[in-house]
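User: Please go through this model with me in questions and answers, giving the cut-offs behind each term as it comes up.

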Amino acid sequence: MSSISCLCGECTLMLSENRPMMSLYCACKDCTQAIKWGATRGGKAPQQLPQLVYIRSDIISVNGIKWMKAFQLRNPAKSTRVYCTKCYSILGINHPTYSNNVFMFFPNHCEVNLDLSIKPCASLNMSSYEHEQKAKLSNDIPVFHNFDYPQERERFFSIEDVKKTFRKPLIPPSGSTFEDLINGLGEIVNLDLKIGSVPVN
């Protein structure tokens with residue numbers, strides 16, 4: 001069965017779908033900050049350019065829920081991330097844009113039993129890319145430096161995979177959604193981190 005697990009094996013989400021709906025690269029400060037915060041507590045260090053993968057929000061069963069906790073970087077926040085509090089793997093991320101149709105995960109920061117052959121369809125927030133080495137991207141991957149202008153958002157949401165992924169669900173999930181999981185974990189922890197700051201222990 002398809003699954004996403006933490007790196008220590010205590011937490012597992014069993015999923016109804018095996019094939020992700022979309023993949024992206026993202027250089028935004030929030031993605032990097034969230035990964036770095038987990039790394040200070042034992043999680044895996046961030047990649048040069050994190051890959052994001054989106055899977056249908058349809059969870060058949062959950063193991064190790066006692067080790068799961070939902071966090072937000074600051075208040076106000078849109079993204080909510082679920083970590084394993086034993087190894088600080090990131091099991092998944094929710095955002096209002098996802099319309100409870102999908103949730104996102106970092107394939108390099110968890111163990112997955114999914115078909116990850118899907119190719120990233122865009123690279124986002126490259127104005128925040130801070131590595132000395134230039135990101136190696138295929139010429140057919142559209143690059144978005146930021147979303148300061150409506151034209152950029154329109155261009156991004158015109159990508160077929162993006163439209164398909166972020167639309168309202170056409171068929172109800174057979175299990176529970178990632179939002180349901182978050183709602184069952186108790187109060188969301190606000191980390192109160194400054195934007196772009198390097199988190200410390």
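User: Which residue has its backbone oxygen 3.4 Å from a polar atom of the side chain of Asn101?

Analyst: This is a predicted model, in which local features need pLDDT of at least 70 and side-chain atom pairs count only at pLDDT 80 or more, while totals for chains, interfaces and linings use all residues. Residues are numbered from 1 along each chain as its sequence is written, and side-chain values use heavy atoms, with hydrogens and water left out. A polar contact is a pair of N or O atoms within 3.5 Å; within protein, one must be able to donate a hydrogen and the other to accept it, and residues adjacent in sequence count only if both atoms are side-chain atoms. The backbone oxygen that lies 3.4 Å from a polar atom of the Asn101 side chain belongs to Arg167.

User: Which side chain is joined to that of Asn101 by a polar contact of 3.4 Å?

Analyst: Asn101 sits in the loop between strand 8 (90-94) and strand 9 (102-105), where strands (E, at least two residues) and helices (H or I, at least four) are DSSP runs numbered from the N terminus. Leaving aside residues up to four places away in sequence, Asn101 touches several others, including Met21, Ile55 and Lys164, with contact meaning heavy atoms within 4.5 Å. The side chain that shares the 3.4 Å polar contact with Asn101 is that of Arg56.

User: Why does Asn101 count as buried or exposed?

Analyst: Buried means under 20% relative accessible area, exposed over 50% and partly exposed in between, with a 1.4 Å probe and protein chains only. Asn101 therefore counts as buried, its relative accessibility being 5%.

User: Which strands stand at the edges of the open sheet, each with a single partner strand?

Analyst: Two strands pair if DSSP finds at least two bridges between them, and here 4 strands form an open sheet with antiparallel pairing in the order 5-2-1-10. One side of each edge strand is left without a neighbour in the sheet, because each has a single partner strand, and these are strand 5 and strand 10 (111-112).

User: Which residue of strand 5 stands opposite Leu13?

Analyst: Strand 2 (residues 12-15) has Thr12 and Met14 pointing one way and Leu13 and Leu15 the other, and all are buried. Strand 2 is joined by 4 bridges to strand 5 (residues 59-63), and the two run antiparallel. Opposite Leu13, the residue in strand 5 is Val62.

User: Which residue in the turn of the hairpin has a positive phi?

Analyst: Strand 1 (residues 2-5) and strand 2 run antiparallel and are joined by 4 bridges, with Ser2 opposite Leu15. The hairpin they form has 6 residues between the strands, and the turn residue with a positive phi, of about 85 degrees, is Gly9.
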